[in-house]
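Notebook open, model loaded. I want to go through the side chains and jot down what turns up.

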Amino acid sequence: MSVEVMDEEWLYTEEQVRSLLEWMRGQAGANFSVPPFMRLVAEQALRPSEARALRVSDVVLPVGDVGELTARHKGMAREIPLQPQFVEFLREWISEAGLQGDDLLFPGTRGGPLSASVYKRMWQQAQEAVLPRDERYSWRLGEPISILRESCVVKWLRMGISSVTVAEWAGVTPSWLALRYPHCFRTEKAEIDWDHLALAMALPDSLRS
């Protein structure tokens, strides 16, 4: 399995993600679905195509409790838990937008799917407005929206959530995570008891020549 490595320097910090989302919320205008759409991608690690396809009926939003979101990719469905604060955010969004059960969760201006060109254009504008224009960041202005998903996945791994759980939430495999984000699995700083390891790996006396 060939997987391109995602270096740490390509990922966005939590502060950068928050600033980008805040900028888009202030600039939405007629494209009112874009900011909540982008927040879902950024905080729940959905693929943009998955987020565009969501309907109100795909989310379970209990008051003051953990909710659930059902995402679908290539015919496979998976459940992602939603923390109470995100549940409240989605409840407010659905109420504000006047959405019903079978409606798209993030409709376009005419009620159909949110236009990819619309949210990509706003994303590009947000990058240009928020990211520093210096040698360190200017080359990242063309990053696709999926960098928000990637940054979220790495945040989960750094929080100590097991790679198996993260893989389930993100719709990938644990081995893919290890190949994609090797910096999250390095153990250079781990202390190894070499004497104990040698003893554990030693062959029994009956097999020694």
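**Trp176 and its partner.** I started with Trp176, which comes out partly exposed at 23% relative accessibility, because the cut-off for buried is under 20%. This is a predicted model, so every value here is computed from predicted coordinates. Tyr181 is buried, with a relative accessible area of 2%. Trp176 and Tyr181 make an edge-to-face aromatic pair, with 5.9 Å between the centres and 80 degrees between the planes.

**Other aromatics.** How many aromatic pairs does the structure hold? I get eight. One of them is Phe37 with Phe106, edge-to-face, 5.9 Å centre to centre and 80 degrees between the planes. That pair links distant parts of the chain: Phe37 belongs to helix α2 (residues 34-44), Phe106 to the loop between α4 (84-97) and α5 (116-130), and they are 69 residues apart. I checked burial for both. Phe37 is buried at 0% relative accessibility, and Phe106 is buried at 0% too. Both rings belong to one aromatic cluster, made up of Phe32, Phe37, Trp93, Phe106 and Tyr119.

**Arg39.** Next I looked at what Arg39 is doing. Its charged end sits over the ring of Phe89, 4.0 Å from the ring centre. The Arg39 side chain also meets that of Glu43 in a salt bridge, 2.9 Å from N to O. Arg39 and Glu43 are four residues apart in helix α2, so about one helical turn separates them. Are they buried or exposed? Neither, quite: Arg39 is partly exposed at 24%, and Glu43 is partly exposed at 27%.

**More salt bridges.** The total for the structure is six. I noted these:

- Asp58 and Arg72 meet through their side chains at 2.9 Å, N to O. Asp58 is in the loop between α3 (48-53) and β1 (59-60) and Arg72 is in strand β2, so the pair ties together parts that are 14 residues apart in sequence. Asp58 is buried at 10% relative accessibility, whereas Arg72 is partly exposed at 48%.
- Arg180 bridges to Glu150, with the closest N and O atoms 2.5 Å apart. This pair links distant parts of the chain, Arg180 in helix α8 and Glu150 in helix α6 (residues 146-158), 30 residues apart. Arg180 is buried at 12%, and Glu150 is buried at 11%.
- Arg47, Glu50 and Arg78 are linked in a network of salt bridges.

**The hairpin.** Arg72 took me to its strand. β2 (residues 67-73) pairs with β3 (residues 76-82) in the antiparallel sense, over seven bridges. Which residue of β3 is the bridge partner of Thr70? I find Glu79. The two strands form a hairpin with two residues between them. In the turn, Lys74 has a positive phi of about 55 degrees. A reminder to myself on strands: in a regular strand the side chains alternate between the two faces of the sheet.

**Val5, back at Arg180.** Where does Val5 sit? It is in the segment before α1 (14-27). Leaving aside neighbours within four places in sequence, Val5 is in contact with Leu179, Arg180 and Pro182. Val5 and Leu179 are 174 residues apart in sequence, yet their C-alpha atoms are 6.4 Å apart in space. Val5 is partly exposed, with a relative accessible area of 42%.

**His183.** I then moved to His183, in the loop between α8 (174-180) and α9 (194-201). At 14% relative accessibility, His183 is buried. Outside its neighbours within four places in sequence, His183 is in contact with Met6, Asp7, Glu8, Leu11, Val154 and Arg158.

**Cysteines.** Last item for today. How many disulfides does the structure hold? Zero. I looked up the exposure of two cysteines anyway. Cys152 is buried, with a relative accessible area of 2%, whereas Cys184 is partly exposed at 24%.

Terms used
Residues are numbered from 1 along each chain as its sequence is written. This is a predicted model: local features need pLDDT of at least 70, side-chain atom pairs count only at pLDDT 80 or more; totals for chains, interfaces and linings use all residues. Side-chain values use heavy atoms; hydrogens and water are left out. Buried means under 20% relative accessible area, exposed over 50%, partly exposed in between (1.4 Å probe, protein chains only). Contact means heavy atoms within 4.5 Å. Two strands pair if DSSP finds at least two bridges between them. Rings of Phe, Tyr and Trp (its six-membered ring) pair if their centres lie within 6.5 Å; planes under 30 degrees apart count as stacked, over 60 as edge-to-face and the rest as tilted. A charge sits over a ring if NZ of Lys or CZ of Arg is within 6 Å of the ring centre and within 35 degrees of the ring normal. A disulfide is a pair of cysteine sulfur atoms within 2.5 Å. A salt bridge is a side-chain nitrogen of Lys or Arg within 4 Å of a carboxyl oxygen of Asp or Glu.
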